[in-house]
Amino acid sequence: MPFSEEARPARVMLVGFDGATLELIHAWAEAGLLPTFQRLMAQGAHGPLRSTMPPVTPAAWSTLATGMNPGKHGLFDFYARRKGSYETEVVNASHRRGASLWRLLSQAGKRVMVFNVPATYPPERVNGLMVSGLLTPADAADADWPPGLLQALKGAVPDFSFYPPGIFSRGQDEAFLDEILAWDRRTLQATEFLLARQPCDFCFSVFIGIDIASHFLWRAMATQGASAPADEPRLRQRLAGAIQEVYCQADAILARLLELAGEGAQVIVVSDHGFGPLDRYMHINSWLQKRGYLKFKRTPLGLAKILAYNLGITPLSVLEWTRRLGLGGQVQQTASQRNAWLKSVVKLVFLSLADVDWSRTTAYSAGYGGPIFVNLKGREPQGIVEPGAGYEALLERLIADLRALRHPETGEPFVGEIYRPGDLYHGPYAHLAPDLLFLPRDWRDQAYGVHDFASNRWLEPSPDRSGTHRMEGIFFMHGPGVHPGAVVEGSSLEDVAPTVLALMGVPIPKNMDGRVLSEALSQERLAGLSITYGEAEEALAGASQASEMSEQDERLIRDRLDALGYGG
Ligand SMILES: [Zn+2]
């Protein structure tokens, strides 16, 4: 029994499946393949859970943690601009403001267990146990609270790691799938270890396997295993069902967790975003350069690089030639090696942001989710665009150019929604958001600002990944007082923290943006809850430990992000 017996009014088990998608769960539950999810649907409430815009893992889980939009917690992407520089840094909990759910529960005297939640390094000194998740330096010794916990965990779960051990490469899909499955099983083992270590009133574990498998193996599902060799029907069949296999295992993991939670507990299952197919990347910086927003330096080396770039000698084209000439084996086999190679060679031989002439550049992109930043005077180190009228005129021109952009294959408008920060975010850190954020009309195309000038064409097929994020995640709620069969519509990540606080009888800070998802609960249960609101919580969430990450740590995390296809 992992929960304390005296815990009242409720014990809550929160389970995260990064990237889990409701339409897949519906389809496979209906086919009888996901009995636990099916049980949760029949006995409890469920529905889609809207992600943050853009639906990027660190921003999304931080919104779940704080009940706040990114304008209040300050975390918008995998990367944040480094102050006084055009460089970016990988985000972590020290970039996040606003009190986390586990901090509020700890302050209220509840015992918590928080494990493997992305972007929670460095961990907080909670009342209970905490081990951080994705974006933790791979070899960090301080990813735990209390100290020593991680070492004990590693003793109990051999091969424990914050990242999947395998690296995707075409032709090795089956080995990759096996590693993802084993990795999620180790996350369960680690969760069991932590739950057995001490009783808690609230526990939260996140499983990442569905996200990684969906990024790299979606293609196999979409085309019935087309990426497997034609002469291996068994392999074709297994890969066609690869994503399904990861969901089926998630279902079994959930069954075990429900067992551990016990009858009286409230179990909530969420994801940070959904998934769908990915075909092409838009290289935003290449487009900005073509439209004259971004200019290169006119040094001799810079001019040579520009010549090569204009001739189409770019990292992606050289990669393609090494593949065609059969040099791939020696040069780069895997996504990780290729990205590492791209990164090291890119800056020396090819054009990168280091070759940008900032004195003549008005806009640039840096980040994962379609961001454009203005080279603003007084904010950027060599800003040239005047705040006020100059800034507004530039944004208007950019919006008009984006609207005019046509898809080279269909001739249809390429860009869908275009946002200014005020459309999406509100709060004291909204000014850290990109000046413009846009989405391709077709979500199979992804706008990307990470690989500076990987191609001289603004739109290229995705080399490795075949799936990417969508806005709708999942929400399931099960336990005493939950409406059986209720469908919860219109909920978003902001709503999870206030809902948990309400269930546990802890005041909800006034500055949380979300609401209590009361439609999931019966009238009697609602009447029994005393929902109260408390003072705004502004504290720096990661402030309990030093926030500066060493260059070494930063490099280690970037290497891992490369392997996962988030790198740059
Ligand atoms: Zn995610």
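These exercises work through one predicted model, each with a stepwise solution.

Residues are numbered from 1 along each chain as its sequence is written. In this predicted model, local features need pLDDT of at least 70 and side-chain atom pairs count only at pLDDT 80 or more, while totals for chains, interfaces and linings use all residues.

**Exercise 1. The whole chain**

Task: State how many helices and strands the protein chain has, and what share of its residues is buried.

Solution:
- Step 1. Take the elements as DSSP runs numbered from the N terminus: helices are H or I with at least four residues, strands are E with at least two.
- Step 2. The protein chain then has 20 helices and 22 strands.
- Step 3. Call a residue buried if 20 or more other C-beta atoms lie within 10 Å of its own, exposed if 12 or fewer, and partly exposed in between; the C-beta atoms are placed from the backbone.
- Step 4. Of the 568 residues, 52% count as buried.
- Step 5. Count two residues as in contact if their C-beta atoms, placed from the backbone, lie within 7 Å. Among contacts with a separation of 6 or more, 72% join residues 24 or more positions apart.

**Exercise 2. Two helices, H7 and H10**

Task: Check the span of each helix, then describe how H7 and H10 pack.

Solution:
- Step 1. The expected span is 1.5 Å times one less than the number of residues.
- Step 2. Helix H7 (residues 173-197) has 25 residues, so it should span 36 Å; its end C-alpha atoms are 36 Å apart, which agrees.
- Step 3. H10 has 20 residues and reaches 29 Å from first to last C-alpha, close to the expected 28 Å.
- Step 4. Packing of two helices is described by the angle between their axes and the distance between the axes. Axes are lines fitted to C-alpha atoms, for helices over the stretch in contact, and angles run from 0 to 180 degrees between N-to-C directions.
- Step 5. H7 and H10 (residues 242-261) pack at about 10°, with axes 10 Å apart. H7 is therefore roughly parallel to H10; the class takes angles under 35 degrees, with over 145 roughly antiparallel, 65 to 115 roughly perpendicular and the rest oblique.
- Step 6. On the H7 side, the contact includes Leu 177, Ile 180, Asp 184 and Leu 188. On the H10 side, it includes Ala 242, Val 246, Ile 253 and Arg 256.
- Step 7. By class, the contact has 9 nonpolar, 1 polar and 4 charged residues. Here Ala, Val, Leu, Ile, Met, Phe, Trp, Tyr, Cys and Pro count as nonpolar, Asp, Glu, Lys and Arg as charged, and the others, Gly among them, as polar.
- Step 8. Buried residues of H7 include Leu 177, Ile 180, Asp 184 and Leu 188. Those of H10 include Ala 242, Val 246 and Ile 253.
- Step 9. Just after H10, Gly 262 takes a positive phi of about 85°.

**Exercise 3. Strand pairing**

Task: Give the strand order of the open sheet that contains S11, then trace the pairings of S13.

Solution:
- Step 1. Two strands pair if DSSP finds at least two bridges between them.
- Step 2. The open sheet has 3 strands in the order S16-S11-S17, with mixed pairing.
- Step 3. Its edge strands are S16 (445-448) and S17 (459-461), each paired on one side only. The twist averages 30° from one strand to the next.
- Step 4. S11 (residues 280-283) runs parallel to S16, joined by 4 bridges. Tyr 281 has Gln 446 in S16 as its bridge partner.
- Step 5. Turn to S13 (residues 371-374). It is antiparallel to S12 (residues 363-364), with 2 bridges. Ala 363 is partnered by Val 374 in S13.
- Step 6. The S12 and S13 hairpin has 6 residues between the strands, and Gly 367 takes a positive phi near 145°.
- Step 7. S13 also runs antiparallel to S15 (residues 436-440), again through 2 bridges. Pro 371 stands opposite Leu 437 in S15.

**Exercise 4. Backbone exceptions**

Task: Locate the cis bonds at Pro 54 and Pro 146, then place Asn 116 and Asp 159 as buried or exposed.

Solution:
- Step 1. A cis peptide bond joins Met 53 and Pro 54, with omega about -5°. Pro 54 sits in the loop between S2 (45-50) and H3 (57-66).
- Step 2. The bond from Trp 145 to Pro 146 is cis, with omega near -5°. Pro 146 sits in the loop between S7 (144-145) and H6 (149-156).
- Step 3. Asn 116 has a positive phi of about 70° although it is not a glycine. Asn 116 lies between S5 (112-115) and S6 (128-131), in the loop. With 22 other C-beta atoms within 10 Å, Asn 116 is buried.
- Step 4. Asp 159, not a glycine either, has a positive phi of about 70°. Its loop lies between H6 and H7. With 10 other C-beta atoms within 10 Å, Asp 159 is exposed.
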